[in-house]
Amino acid sequence: FNPKLAGTIKYENEHGTYSIDVIPEMPPTFKIGNKTGQPYQITLKALDPYWTDKSEIDAEIPLARIEPMLTFPLEITPDFEFAHLIAGDVIEIHNNGDVAVGAVFTINVGGPLVNPRLYNVLTQEYFALNGTFVTGTKLRISTLRGKKRVEQDDGYGWYNIMTKRKVESKFLQLENGINYLQLQADSGVAFTTSYIKFEPKILGV
């Protein structure tokens, strides 16, 4: 344990795996010259008191997605589609934690996208960007506490585009329970895929 560095406690039970970030408040003290093992206690402090449910954080929830249509036996007809894009639907998202949390939204632009926004149907809050984004652009919006970011990747790496955030925008939070989100835009949403990742937080394990 190093009192200058943070660490992570992980706990597992039959329900899942949980973690919490901690820092030691002070190092243990030992008797000088005692060469045998010495019992000691160490006090850890969690600046964020909530545990993270690790069983759910790696899942990407689609807000707009490509649905494959290929089935077997295969029959090619004049109106056959290998896949089609489902975009603009209201998506139900469950936050099984005890408190509201932020999330990371990824938007993959498949055609000119004008003034995209993430809309919370229940609260009527939204996060919007001003501008037109071209095919191949990736957008990443983080509403996590202490890690709020708005970034764009044109194929050469991520860079900050916080200046494109619409002034009235809210850094959306997912309330505990059911949330309804929708990807919107002035135009181009039909060519766009989008995903959300978040970490449920719980009071105790």
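This is a short talk on the nonpolar cores of one structure and on two loop residues with positive phi.

Okay, thanks everyone. One thing up front: this is a predicted model, so keep that in mind as we go.

Let's start with the inside. The largest nonpolar core is made of 26 residues, and if you rank its members by contacts inside the core, Leu 129 and Leu 174 come out on top. Which strands supply at least two residues each? That would be S7 at 90-95, S8 at 104-109, S13 at 138-142 and S16 at 177-184. S8 gives the largest share, three residues.

Now zoom in on Leu 174. Leaving aside anything up to four places away in sequence, Leu 174 touches a run of residues that includes Ile 93, Val 99, Val 101, Leu 181, Ile 196 and Phe 198. Two asparagines are on that list as well, Asn 95 and Asn 179, along with Ala 100 and Ala 103.

There's also another core, lying apart from the big one, with five residues. Among them are Tyr 18, Val 22, Trp 51 and Ile 202.

Okay, on to the backbone. Asn 115 isn't a glycine, yet its phi is positive, about 50 degrees. You'll find Asn 115 in the loop between S9, 113-114, and S10, 117-120. Buried or exposed, or something in between? Partly exposed, at 23% relative accessible area.

Gln 124 is the other one: again not a glycine, with a positive phi of about 60 degrees. Gln 124 sits in the loop that runs between S10 and S11, the strand at 126-128. Here the side of the story is simple: Gln 124 is exposed, with a relative accessible area of 57%.

That's it from me, thanks.

Methods:
Residues numbered from 1 in each chain as written. Predicted model: local features only at pLDDT ≥ 70, side-chain atom pairs only at ≥ 80, totals over all residues. Heavy atoms only, no water. Core = buried A, V, L, I, M, F, W, Y, C linked by side-chain atoms within 4.5 Å. Buried < 20%, exposed > 50% of the residue type's maximum accessible area, 1.4 Å probe, protein only. Helix = DSSP H or I, 4+ residues; strand = E, 2+ residues; numbered from the N terminus. Contact = heavy atoms within 4.5 Å.
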